Amino acid sequence: MQAFGADSPPCAYDDLNHADLVVVSGYNPALSKPVLFRRLLAAKHEAGAKLIVVDPRTTPTAAKADVHLRIAPGTDVALHNAIAHVLIRDELVDEEEARQLTRNYDELKRHVARDTPVRASRVTGLPEQQITKVARMIGNAGAALFLWGQGLNQSRVGTRKVTTLLNLAFMTGNIGKPGAGPLAVAGQSGAMALREVGALPHLLPGLRLVSDAKARSDIGHIWGVDPNRIAPQPGKTLPEILEAVDQGTIKALWIIHANPAATFPDTGWARSVLARTEFLVVQDCYHPTETSRHAHIVLPAAQWGEKTGVVTNSERGLNLARQAVPPPGEAKADLEIVMEIAREMGFDRHFDYASTEEIFDEYRSCTTGRPCDIGGVTYQRLATDKGIQWPVPTADHPGTRRRFTDRRFPGGKLALGLHRHEDPAERPDQDYPLLLITGLVAAQFHSRTRTGRVERLNRAVPEPFVEIHPRDADELTVENGDLVEVSSRRGRIKARARVTATMREGAIFVPYHFGDLAGPDQAVNSLTIRSFDEFAHQPEFKACAVRVTKA
Ligand SMILES: Nc1nc2c(c(=O)[nH]1)N[C@H]1C(S)=C(S)[C@@H](COP(=O)(O)OP(=O)(O)OC[C@H]3O[C@@H](n4cnc5c(=O)[nH]c(N)nc54)[C@H](O)[C@@H]3O)O[C@H]1N2
Ligand SMILES: Nc1nc2c(c(=O)[nH]1)N[C@H]1C(S)=C(S)[C@@H](COP(=O)(O)OP(=O)(O)OC[C@H]3O[C@@H](n4cnc5c(=O)[nH]c(N)nc54)[C@H](O)[C@@H]3O)O[C@H]1N2
Ligand SMILES: [Mo]
């Protein structure tokens, strides 16, 4: 929103097949998005695209890179600014184009004037020649595609990391043409849809802002409710909700489809808050979960194969997912549960839908004239037009592969992010000398409510492990396979050491999937810190100070 003036995903997966250069930053799709990654490797093989990976670890993704920047955790803004510096210094920017595309190119030029690779090298730990080389690869690419993941987002400066990465695409004209631009791949299949339908605290359906009076009036009209009853101020984000429960201003909490007692940072705190909630309802497909354990009422929910609905993927493509099997026992689709409760509360008139198709059709009418206009999409059409990409305003519209080919943006011109590097909230010190990176493994999904039940997956990764560099391990006299204790100012876990040179010195990696139901001393998020991005409220899951000792 800061860069484009609105939530505006420009690219398509197809761009992978047209790029000369793909920059992957803080993202490990070899494990987290294997289908996409196979497509990336195939494109690399067929079209000879080069791959740059920025990651503190030599992940399976980084192992396939032409250039791997093994960056010091949390220092991406310094790297991005130095790359911008070299692009300008080496005259790799078409300045006329950059001024046409962006509103503040000359300000950026001044902003990065002193951000030489030598200076950035001291912050990022990267050789200055490598920074220069990568900048030249970006500057000389015919079409460069930028992909990133939680290594950028999950930081107290996550928005800054991302917008300074976008700078590199915008100043080199890598937008609105095949093979070029920022392709943000969402973590979960419905993440894009959450934004479109308004299921974030600051949004209404059709990518509208609750703070916009016209938006409230439009949506109030469609819903048949008085627009004055739609709150003009954004709702609370998850960290703010838990804070409010802690302070007693929220007394009742209804959690649908989340397990924060395992996945929120500093879970010792989160758990104690949830345990003290005056009235806690948890709606989940499984029980107990780390969260449902604290519930006064558990509502059994159907999961994805047991219900019908539309999902939107990261390239704005819509797919109809049809029910494959009936839900077991008393379980019902979330939607049905929500509607039943709404009716009990007296909102019968507003919740009398007979099918998800009826709801989809109402939602379509919310998108008229909006960037995500899907007026031309019906359940019937989705049976054949699989993955059709919005906007699709009319029935005869073919869908939109990539946006901004006319280079007209929601905010007029693109905005470049002018930011400085700032350290993570916690730095290594004498007591806690190592930096903890958490992330995923291929064999487990999130808090393991599902993958934890699959024997083969559990055999692959049965418990947390700690990746540690041989020199750090030596100093601690820790050997491969040793049981170690990892502790932070907030908690501690026990885990097996994996001594490996794929890890950066001074940092360790622990997969985050394990909560306190996995076993004693396994709740990985008991270590992480409640530090959040200033705009997006993403937790800083990739950097907190820890100590490792032999258990
Ligand atoms: N198997 C499996 N697949 C999944 C999921 C799962 O749980 N299991 N979850 C899904 C979801 S919801 C999501 S959001 C995605 C997440 O997918 P990814 O974003 O690919 O996964 P992560 O492991 O969180 O982080 C990516 C990388 O960021 C690196 N990193 C850490 N700190 C920094 C830094 O400061 N700078 C840079 N440049 N890199 C850094 C880490 O070393 C890590 O390799 O995966 C999705 N896919
Ligand atoms: N340390 C650390 N922590 C992290 C991360 C990290 O990289 N490091 N990654 C973060 C990221 S990117 C994410 S996305 C979060 C994920 O965090 P969560 O969303 O809290 O994790 P899940 O385990 O997916 O929890 C979803 C719950 O919903 C249930 N469920 C599944 N399908 C349905 C359904 O259709 N209806 C209902 N009602 N329930 C359902 C599942 O059984 C599960 O209990 O974790 C975050 N936590
Ligand atoms: Mo995620």
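A polar contact, as the term is used here, is a pair of N or O atoms within 3.5 Å. With that cut-off in hand, the reader can follow how the protein meets its two ligands in this structure, which is a predicted model.

For ligand 1, a backbone N or O atom of glycine 26 lies 3.4 Å from a nitrogen atom of the ligand, a distance that counts as a polar contact because the limit is 3.5 Å. An oxygen atom of ligand 1 lies 2.8 Å from a polar side-chain atom of serine 32, and the backbone of leucine 440 places an N or O atom 3.1 Å from an oxygen atom of ligand 1. Taken alone, ligand 1 exposes 920 Å², and the protein buries 93% of that area. The elements that contribute two or more residues to the shell around ligand 1 are α1 (29–32), α8 (150–153) and β14 (434–439), and of the elements α8 gives the most, with 3 residues. In total 33 residues surround ligand 1, and those that come nearest are Asp55, Gly74, Asp76, Gln150 and Gln444. Sorted by class, this shell has 13 nonpolar, 15 polar and 5 charged residues.

Ligand 2 has its own surroundings, made up of 28 residues, of which Thr263, Asp284, Ser447, Thr449 and Asn525 are the closest. The side chain of aspartate 284 has an N or O atom 2.5 Å from an oxygen atom of ligand 2, while a backbone N or O atom of glutamine 283 lies 2.9 Å from a nitrogen atom of the ligand. Alanine 302 also takes part through its backbone, with an N or O atom 3.3 Å from an oxygen atom of ligand 2. Ligand 2, taken alone, exposes 920 Å², of which the protein buries 89%. The shell around ligand 2 divides into 8 nonpolar, 15 polar and 5 charged residues.

Turning from the ligands to the protein interior, the largest nonpolar core has 47 residues, and the members that touch the most others are Ile83, Leu168, Phe170 and Met171. When residues up to four places away in sequence are not counted, methionine 171 touches Ala84, Leu87, Ile88, Val93, Ala98, Tyr105 and Leu108. A second core, separate from this one, has 30 residues, including Ala473, Ala507, Ile508 and Val546.

Several features of the backbone in the loops also deserve attention. Histidine 287 and proline 288 are joined by a cis peptide bond, with omega about 0°, and proline 288 is found in the loop between β9 (279–284) and β10 (297–300). Another cis peptide bond, again with omega about 0°, joins tryptophan 390 and proline 391, where proline 391 lies in the loop between β13 (388–389) and β14.

Two residues other than glycine have a positive phi. Histidine 446 has phi near 45° and sits in the loop between β14 and α18 (455–460); its relative accessible area is 26%, so histidine 446 is partly exposed. For aspartate 521, phi is near 55°, and this residue belongs to the loop between β18 (507–511) and β19 (544–550). Aspartate 521 has a relative accessible area of 27% and is therefore partly exposed as well.

Notes:
Residues are numbered from 1 along each chain as its sequence is written. Chains are lettered from A and ligands numbered from 1 in the order in which they are written. This is a predicted model: local features need pLDDT of at least 70, side-chain atom pairs count only at pLDDT 80 or more; totals for chains, interfaces and linings use all residues. Side-chain values use heavy atoms; hydrogens and water are left out. A nonpolar core is a set of buried Ala, Val, Leu, Ile, Met, Phe, Trp, Tyr and Cys residues joined through side-chain atoms within 4.5 Å. Buried means under 20% relative accessible area, exposed over 50%, partly exposed in between (1.4 Å probe, protein chains only). Contact means heavy atoms within 4.5 Å. A residue is near a molecule or strand if one of its heavy atoms lies within 4 Å of it. A polar contact is a pair of N or O atoms within 3.5 Å; within protein, one must be able to donate a hydrogen and the other to accept it, and residues adjacent in sequence count only if both atoms are side-chain atoms. Accessible areas come from the Shrake-Rupley method with a 1.4 Å probe; for residues, only the protein chains shown count as cover. Helices (H or I, at least four residues) and strands (E, at least two) are DSSP runs, numbered from the N terminus. Ala, Val, Leu, Ile, Met, Phe, Trp, Tyr, Cys and Pro count as nonpolar, Asp, Glu, Lys and Arg as charged, and the others, Gly among them, as polar.
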